[in-house]
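Here's a quick tour of a structure with two chains to look at. Have a look at the picture first, then read on.

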Amino acid sequence: MRGLRVRAAFMLLVAAVLAVTIAACGGGDDTTTDTSASGDTDTSDNLIASNSDNAKTTITVGSKNFTEEYILGEIYAQGLEAAGYKVDTKLNLGSETIAKKAIEDGQISGYPEYTSTALGSFFTVPADQIPANAEEAYSQAKSKLAGEGLVAYPPTPFADSNAVGTLTSTADELGLTDISDLEGQSEDLVLAGSPECRERIDCLVGLEKNYGLQFKKFTPVDIGLRYTVLDKGDADLSIVFTSDAQLANSDKYTILTDDKELIPSGNVIFIASKKVADEAGPDFGDTIEKVQGNLTLPVIQELNARVDIDKEKPADVAQQYLQESGYIK
Amino acid sequence: MIAPVANGVLATDAANRCAPGLPESFCHQHEVTGCVGGNGLFCFDWAADNFDRYVGPFFRHLEIVAISVVAGFAIALALAVLSHRHRALVPPVLGATGVLYTIPSVAFFFLLLPITGFGLATAVIPLSAYTLQIIYRNTLVGLANVPPDAKDAGLGMGMSENQLMWRVELPLAAPEVIAGLRIATVSTVAIATLAFLAGAGGLGQPLYEQLGFKTNIIIVGVLTIAMALFLDLIVVLAQRFITPWRRARPG
Amino acid sequence: MILLANVFDSFVGAFDFILHSREAVTGGAQVGGPAYIWPFARTQLEVSAVALGGALAVALPIGLVLGHLGKGEYFAVGFGNAGRAVPEIAVVFLFAALAGIGLVNVAIALGILGLPPILTNTFVAMRQVDRTAVDAAEGVGMRPWEVILRVELPLAAPTIMAGIRTAAINIFATATIASFVGLSTLGDLITGRNVYGDDGVVAGAIVIALLAAAIEVALAGVQWLVTPRGVKLQRATRSA
């Protein structure tokens, strides 16, 4: 009996706490931000026009499981919605192989992928043979994907790639500017990266083979912790991404230059099933190309910052981007 | 000159600084030293503003647990009733449910992946399988503890074997059965936080999406434990409803 | 039929991954094979052992003392119940967020998960020891710690071992996700679909399941060994 009463009392307490928090959060959903008077001209031109013909098509936008992908997925999804499509999202596909299979199985219509990843993972193009030029990489990816019934839209302005990151204080202390500067020092340093980094040529394997570096230890961590391990001193070096917010916002972190050009960078291309793309009509591709038009490196870093540092919702951030770019109201 | 502030954070880190080359219209404030930016232990404001992020996963989690427990309960109960009559079934069923229980949930999800793909089924099947052993064992014990007098009385009244089971034996076995059901339910709520690995969603999804953010971890933890306690309470209340002649026994 | 064939294929591929080395899906590295998989398994076993040891060191004495004294039933049993409700990955992630990554921190987080079953089972086992045996021991003048160690513990051992088994399996299972927080466990294989392929993922799952079964069997054997002969006879003569 006593156990029951205590349990019930606790439940009431929890319910009360939940009720208070839900009440407190009422009205807090202000997604538009107070930006300075926009200097961009002709934003009204950029508005996506809603086409009622598109309402008969349902598009499911997927994305992989990290911040940048969530934001991109939401940008495309909300853009397509503004164009009049019925849009669903499935923003939890663990890896590119799962995502590609999801397109093939019809679970999603398409998702944003990186040209380097598409070429490297889907078509096992060795890292050193992936074109550094964005257009070349795109056309290679596009033609290979076309062979699998997938259509790839033109690339975003920004490119993202792995990078060897470290605290600026560490870089200064050890005199590190390029990755090659790690020679002779890396044996004392701990490198952190995602578990799969261990076996990737554009990651640890390449660092060991192409740069001839041996590290004291490789520590696998989820990519969400890539800066935390540097902050806490659990690792001296960490595999980060060139489009990370943390690199733009402060001088705390530095990335080492890839002087041997080992690591391919990839612009984002939206990959979709050709069947869905055809059914969806011309607005599909037009909208996709339109909404990504403003995604330069500083802009995507800013959007990443809003999610990673300010912990805003990717959906909100995507909406802000579309509004601030003048694509939606 | 940039003046350093506490714990090595540069003064410019705290102030608004946007990437070089960013158009003015895009530049927002980013507080890297606030509760949220600095990953404080629990950021109440953020929790209040973002609570709706957890609503969908919460109900999804509830859905996963409900389906798993109901399915597991039905199967285990049926097996126990059968085994009670045909004792030869006990060792193999106990063995099978035991084996299923030993397979770690993460492994089980990924073993099913080639068969059922990503989604609800891949999560529900292992979660149901985990409930089988405890419910089966407890039901058997409960049925074994039914006083022979009660059965004799029932038979004396002319009940058939089935009627005996459903009207006499099971109700009398209810305390043990429900005890097993409670354990199964609470365990399932906790394990279901891993269901996101199978692509089924649940509270594990928001947890994984920001796995370093302390406020997020705490919210998911509290919600999971609250759900477990809540469902446990429901089962206890159900027991008092079903067996009003008995007092609820402590865990 | 096609589904069955696909499934069969996947498992054949997985076993091939376990037995033979092959090139990673993304090229440039060799993966697979027993020598490759073993370090992951070893790390997972190591951190599980450390965690279990820690949990035993803390929970066993408390359970023994409380059980001997007959005090704190609400706490001991309630702790076990409450422990079941705690979501394991949240504990591991919270520890990592608070204290950083690495073997010690993960082991502590996992050890916490092992406390409830060991504490509860130890307490309950001690309470269930035949009072006449305890009375007899006290009657011949044994001091409390002697009673605990020489009379109660052997009689309670089987049930305590059952709790240790539960704790061990829970810990080992949760240690899989230590890959997210700095330890190279079999979770690396499971989350590394990009480099290991579907074969590698299923292979990881198979190895985890087999090791868990091995631990269960091994500890069941220990449980059998610590069951006093008298208790075994007693059990055998009771009806099933």
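Let's start in chain A, where strand β7 (residues 190–193) pairs with β8 in the parallel sense over four bridges. Keep in mind that this is a predicted model. From there we'll follow the sheet, then move on to chain B.

**The sheet in chain A**

- Within the β7–β8 pairing of chain A, A:G193 has A:P220 in β8 as its bridge partner.
- These two strands belong to an open sheet of five strands in chain A, and the order runs β8-β7-β9-β6-β10.
- The pairing in this sheet is mixed. As a bit of background, strands of a sheet pair through backbone hydrogen bonds, either parallel or antiparallel.
- Which strands sit at the edges? They are β8 (217–220) and β10 of chain A, and each of them pairs on one side only.
- Neighbouring strands of this sheet are turned against each other by 35° on average, if you ignore direction.

**The β10 end of the sheet**

- Over at the β10 edge of chain A, the partner strand is β6 (residues 162–167), and the two pair in the antiparallel sense over four bridges.
- In that pairing, A:T166 stands opposite A:T254 of β10.
- Now look at which way the side chains of β10 (residues 253–256) in chain A point: A:Y253 and A:I255 go to one face and are buried.
- A:T254 and A:L256 point to the other face and are not buried.
- That back-and-forth fits a general pattern: in a regular strand the side chains alternate between the two faces of the sheet.

**Chain B: helices and overall shape**

- How many helices and strands does chain B have? There are 10 helices and zero strands.
- Reading along the sequence, you just get α-α-α-α-α-α-α-α-α-α for chain B.
- Chain B has a radius of gyration of 26 Å, while the globule rule gives 18 Å for 251 residues; the value is well over the rule, so chain B is more spread out than a compact globule.
- Taken along the principal axes, the C-alpha atoms of chain B fill a box of roughly 95 × 40 × 30 Å.

**Chain B: domains, burial and contacts**

- Chain B splits into domain 1 (1–33) and domain 2 (44–242).
- The centres of those two domains of chain B, taken over C-alpha atoms, are 50 Å apart.
- As for burial, 50% of the 251 residues of chain B count as buried.
- Among the contacts in chain B with a separation of 6 or more, 69% come from residues 24 or more positions apart.

Notes:
Residues are numbered from 1 along each chain as its sequence is written. Chains are lettered from A and ligands numbered from 1 in the order in which they are written. This is a predicted model: local features need pLDDT of at least 70, side-chain atom pairs count only at pLDDT 80 or more; totals for chains, interfaces and linings use all residues. A residue is buried if 20 or more other C-beta atoms lie within 10 Å of its own, exposed if 12 or fewer, and partly exposed in between; C-beta atoms are placed from the backbone. Two strands pair if DSSP finds at least two bridges between them. Domain bounds come from an automatic or database domain assignment. The radius of gyration is taken over C-alpha atoms; the globule rule is 2.2 Å times the number of residues to the power 0.38. Two residues are in contact if their C-beta atoms, placed from the backbone, lie within 7 Å. Axes are lines fitted to C-alpha atoms, for helices over the stretch in contact, and angles run from 0 to 180 degrees between N-to-C directions.
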